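Biologist: I'm new to this structure and would like a close look at one part: the empty space closed off inside. Could you walk me through it and what lies around it?

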Amino acid sequence: MKVAVFSTQSYDREFLQSRNENHRHELVFFEGKLTESTAPLAAGFPAVCVFVNDKLNAEVLQLLKDNGTRLIALRSAGFNNVDICCAEKLGLTVVRVPAYSPHAVAEHALALILTLNRKTNRAFNRVREGNFSLVGLLGFDLYGKTVGVIGTGKIGAIFAGIMNKLGCKVLAHDPYPNDEVRQFAEYVDLAELYRQSDIISLHCPLVPETQHLIDDEALAKMKQGVMLINTSRGRIVDTRAVINSLKKGEIGYLGLDVYEEEGDLFFQDLSDKIIQDDVFMRLLTFPNVLITSHQGFFTREALTAIADTTLNNITAFESGEGIMHKVTPEHLA
Ligand code: NAI
């Protein structure tokens, strides 16, 4: 099948091309994001393949439909960047990669926690400059601390298990509690989770109810000095509220792998550009904030699984033998 692959980096090309040998799809790679202005590039392609910051709003979907596209294959689990109801109305099939390596993201959340806590990023620079002072590097034992996990699906469950094995007390919140997690964690309401947790990690999807879940009101319920980790989706956190809380010294540590307005920043080398996002730049001024550019998924195992599932999804659609991993409006409920 002829597939227009948007938002491609060298690693996307490498993994998709090597796994495509058995499928033999005609993959055409575009570096740019799919937007209203780049949608015409997909003319004549029955399938487009997109990633987390491609923008598939009603206008883009209509352009795709008018130009002959029938399948949208997401290379991600999250689908908040696609107007699913509009796609359904237009008769466009949307498929995704529901799970690739939940371990990759859960382990990245742990990496953020350990770096923020033990400040290995600062120690790395100090030692290389011959500064062997420990002043300012004081951390705390994770053992015995209380960790609140919001969303205990595939990633959150693994993250909760890791923290349990490190000797933490695990609290969880999810409208659909997970029986395996229940073996070692206590499900509580959000207010209780905020009240007790030393570390809070977000693993729920971005849906209307979770948009700005972490706002002024939620932050006011958290412990003084709390560590907040977001590897889920940027818009779950109200960045301005978090900045205010950091300024007042209420949040002790902030680890982000995702950011509300990451679409204009992440996955690109902007090191010689003037960044115009003042909110993001303010975040970078805090010594207790660590930001990575949406790299939670970025392991060899995950990229292999993403490429395999994406190509299998496209092959299944083309063969007409049954659509795999379809996203429908019911997923929004
Ligand atoms: P999942 O669908 O397996 O689990 C999500 C869980 O969140 C479900 O158990 C669901 O019941 C729960 N949930 C839904 N609404 C909730 C609410 N209001 N409060 C608390 N929990 C709620 O998804 P998975 O695979 O675990 O992924 C979680 C999120 O991680 C994805 O939605 C995606 O946004 C993000 N992600 C980030 C990546 C990265 O590279 N940083 C890579 C992959 C996913």
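How many cavities of 30 Å³ or more does a search of the whole structure find?

Modeller: Happy to! The model is predicted, so local features need pLDDT of at least 70 and side-chain atom pairs count only at pLDDT 80 or more, while totals for chains, interfaces and linings use all residues. Residues are numbered from 1 along each chain as its sequence is written, and side-chain values use heavy atoms, with hydrogens and water left out.

The search finds three cavities of 30 Å³ or more. A cavity is a set of points, on a 1 Å grid over the protein atoms alone, where a 1.4 Å probe fits but cannot get out; a pocket is an open set with protein on both sides within 12 Å along at least five of seven lines, and lining residues have an atom within 4 Å of a point. Grid points are joined across faces, edges and corners, and a volume is the space filled by probe spheres set on them.

Let's start with the largest cavity, whose volume is about 80 Å³. Its lining is made up of Tyr11, Asp12, Phe15, Leu16, Phe51, Arg75, Phe297, Leu303, Ile306 and Ala307. Two elements give two or more residues to that lining, helix H1 (10–19) and helix H12 (300–319); helices (H or I, at least four residues) and strands (E, at least two) are DSSP runs numbered from the N terminus. H1 gives the most, with four residues. By class, this lining holds eight nonpolar, no polar and two charged residues, where Ala, Val, Leu, Ile, Met, Phe, Trp, Tyr, Cys and Pro count as nonpolar, Asp, Glu, Lys and Arg as charged, and the others, Gly among them, as polar.

Both of those helices lead to other spots worth a visit. Glutamate 318 is found in helix H12, and at 44% relative accessibility it counts as partly exposed; buried means under 20% relative accessible area, exposed over 50%, and partly exposed in between (1.4 Å probe, protein chains only). Leaving aside neighbours within four places in sequence, glutamate 318 is in contact with Met1 and His25, contact meaning heavy atoms within 4.5 Å. The C-alpha atoms of glutamate 318 and leucine 71 are separated by 9.2 Å, although these residues are 247 apart along the chain.

Before H1 comes a loop, between strand E1 (2–5) and H1, and serine 7 is found there. Serine 7 counts as buried, at 13% relative accessibility. Its phi is near 55°, a positive value in a residue other than glycine. Most residues other than glycine have a negative phi. The second largest pocket holds about 280 Å³ of space. It is lined by 16 residues, and those closest to its centre are Ser7, Gln9, Glu31, Phe267 and Gln268. This pocket's lining has four nonpolar, eight polar and four charged residues.

Now for the second largest cavity, with about 50 Å³ of space. Among the residues that line it are Asn230, Val237, Val242, Leu254 and Glu260. Helix H10 (239–247) and strand E11 (251–256) each supply at least two residues of this lining, which divides into seven nonpolar, three polar and one charged.

Two of those lining residues, Val242 and Leu254, also appear in the largest nonpolar core. This core has 33 residues, and those with the most contacts inside it are Tyr194, Ile200, Ile214, Val242 and Leu254. A nonpolar core is a set of buried Ala, Val, Leu, Ile, Met, Phe, Trp, Tyr and Cys residues joined through side-chain atoms within 4.5 Å. Elements giving two or more residues to the largest core include helix H8 (190–196), strand E9 (199–202), H10 and E11. H10 provides the largest share, four residues. Not counting residues up to four places away in sequence, isoleucine 214 touches Tyr194, Leu202, Leu219, Met222, Leu228, Ile236, Val237, Asp238 and Val242. Apart from this core lies another, of 25 residues, among them Phe140, Val149, Ala160 and Tyr187.

Histidine 212 lies in the loop between E9 and H9. It is partly exposed, with a relative accessible area of 27%, and has a positive phi of about 50° although it is not a glycine.

Finally, step back to the whole protein. Of its 333 residues, 51% count as buried, and the C-alpha trace spans about 60 × 50 × 35 Å along its principal axes. Among contacts between residues at least 6 apart in sequence, 67% join residues at least 24 apart.
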